[in-house]
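Welcome! Here are a few short exercises, each followed by a worked solution, to help you find your way around. Please have a look at the structure first, and then work through the tasks in order.

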Amino acid sequence: MNDRRHFLKLGLAGSAALATGCFPKEEGAEEKAVDTPLSFTKGPVILSTWIHGMPANAKAWDVLTAGGSVLDAVEQGVAVVESDFTNRSVGLGGRPDRDGHVTLDACIQDHEGRAGSVAFVQHFEHPISIARAVMERTPHVMLVGAGAERWALENGFSRNDITIPEVKAAWEEWARTSNYKPVANIENHDTIGMIAMDAAGRLAGSCTTSGMAYKIHGRVGDSPIIGAGLFVDGEAGAACATGVGELAIRTAGSHTVVELMRQGRTPEEACHEVVLRVQRKHKELVDMQIGFLAIRADGTFGGWSLRKGFNYALRTTDRELMVDAPFDIA
Ligand code: SD4
């Protein structure tokens, strides 16, 4: 199916994507936009949450074009952001929990649905690689806390005890005034979730985060939970989430997006339906954000978020740009 027919199928949802102004502005853009919808047939295509998705996509693209697998691409792509210690929501540069500990969550899943995950781990630069190792070297899917850390050490990962003075100072300031209540606003969470399809149509996804800033020690969000922060099923599609993790866990968000695509919804429609479910289930969503990205097995893709402000990095053979996701609340 060509792009134009995809766009016609997308109908209103496709129009919403166009209305977000996500296409490069150039002469004749209006006309071109109609023939170049926010969809794509048979990859490669890479989608990543937020602006840090741009360098992550660039790395993932390099991996794919150098002949790496789509699983390598999603692992190495998000690892770039984990290594950026100026990033305050992913990796060891992230904001700590309310007790001052930076605790990390990550997961990865491939086309066949094989999955690996770590949660509540401290002192490792690349939780995403530990998650992949759990997938490939153990009979399990998920390791957490001290057990995950011990297993990582035993399996060739080294500890990194970096402390970032600026992060520590901000936490100390917060702790003085916050009375230890975790704050769930739209500024303090920005996980990276990446979903990708290679040229052969194989899917994979990854997700890694330091979680909600100043969360209760021991809290685990959606990001390492297969089905919540990430879900990949080669037959149906892939989805990932960002935002207040509890909202994605309660709706089995990423899994639900994939199942809706299996039933024939477009990626954008599927993401929107889950955002609508979140709203039906929660009376109080003030200051909270939730967003989903999806790629369907036919190569179409899209996203949706609860409120304005969620954007994602898109990489295809002919595009490398940030896309404003459509949303329900301005
Ligand atoms: C969490 N979902 O720990 C993560 C945070 C996040 O955009 O995605 N922020 O709940």
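**Exercise 1. Decide whether Thr256 is buried or exposed, then place Thr256 and find its polar partner.**

Step 1. Thr256 counts as buried because its relative accessibility is 11%; buried means under 20% relative accessible area, exposed over 50%, and partly exposed in between, with a 1.4 Å probe and protein chains only.

Step 2. Thr256 belongs to helix H9, residues 253–262. Helices (H or I, at least four residues) and strands (E, at least two) are DSSP runs, numbered from the N terminus.

Step 3. A polar atom in the side chain of Thr256 is 2.8 Å from the backbone oxygen of Thr251. A polar contact is a pair of N or O atoms within 3.5 Å; within protein, one must be able to donate a hydrogen and the other to accept it, and residues adjacent in sequence count only if both atoms are side-chain atoms.

A word on the background: this is a predicted model, in which local features need pLDDT of at least 70 and side-chain atom pairs count only at pLDDT 80 or more, while totals for chains, interfaces and linings use all residues. Residues are numbered from 1 along each chain as its sequence is written, and side-chain values use heavy atoms, with hydrogens and water left out.

**Exercise 2. Find the contacts made by the side chain of His282.**

Step 1. Start with the location: His282 is in the loop between helix H10 (267–281) and E9.

Step 2. His282 counts as buried, because its relative accessibility is 13%.

Step 3. The side chain of His282 has a polar contact of 2.8 Å with the side chain of Arg250. The His282 side chain also reaches the backbone oxygen of Val278, at 2.8 Å.

**Exercise 3. Describe the surroundings of the ligand, beginning with the residues that come nearest.**

Step 1. There are 14 residues around the ligand, and Thr191, Arg219, Asp222, Thr242 and Gly243 come nearest. A residue is near a molecule or strand if one of its heavy atoms lies within 4 Å of it.

Step 2. Sort the shell by class: three residues are nonpolar, eight polar and three charged. Here Ala, Val, Leu, Ile, Met, Phe, Trp, Tyr, Cys and Pro count as nonpolar, Asp, Glu, Lys and Arg as charged, and the others, Gly among them, as polar.

Step 3. Look at the polar atoms. Asp222 has a polar side-chain atom 2.6 Å from a nitrogen atom of the ligand. In the side chain of Thr242, an N or O atom is 2.5 Å from an oxygen atom of the ligand. Gly243 takes part through its backbone, with a polar atom 2.7 Å from a nitrogen atom of the ligand.

Step 4. On its own the ligand has 280 Å² of accessible area, and the protein covers 100% of that area. Such areas come from the Shrake-Rupley method with a 1.4 Å probe; for residues, only the protein chains shown count as cover.

**Exercise 4. Work out where Leu293, Thr316 and Asp233 lie, and how far each is from a partner distant in sequence.**

Step 1. Leu293 is part of strand E9, residues 290–296, and is buried because its relative accessibility is 0%. Its C-alpha atom is 7.9 Å from that of Ser48, although the two residues are 245 residues apart along the chain.

Step 2. Thr316 is in the loop between strand E11 (311–315) and strand E12 (320–324). With a relative accessible area of 1%, Thr316 is buried. From Thr316 to Asn57 there are 259 residues in sequence and 9.6 Å in space, C-alpha to C-alpha. The side chains of Thr316 and Asp318 are joined by a polar contact of 2.8 Å.

Step 3. Asp233 lies in strand E7 and is buried, with a relative accessible area of 18%. Asp233 and Asp110 are 7.7 Å apart, C-alpha to C-alpha, and 123 residues apart in sequence.
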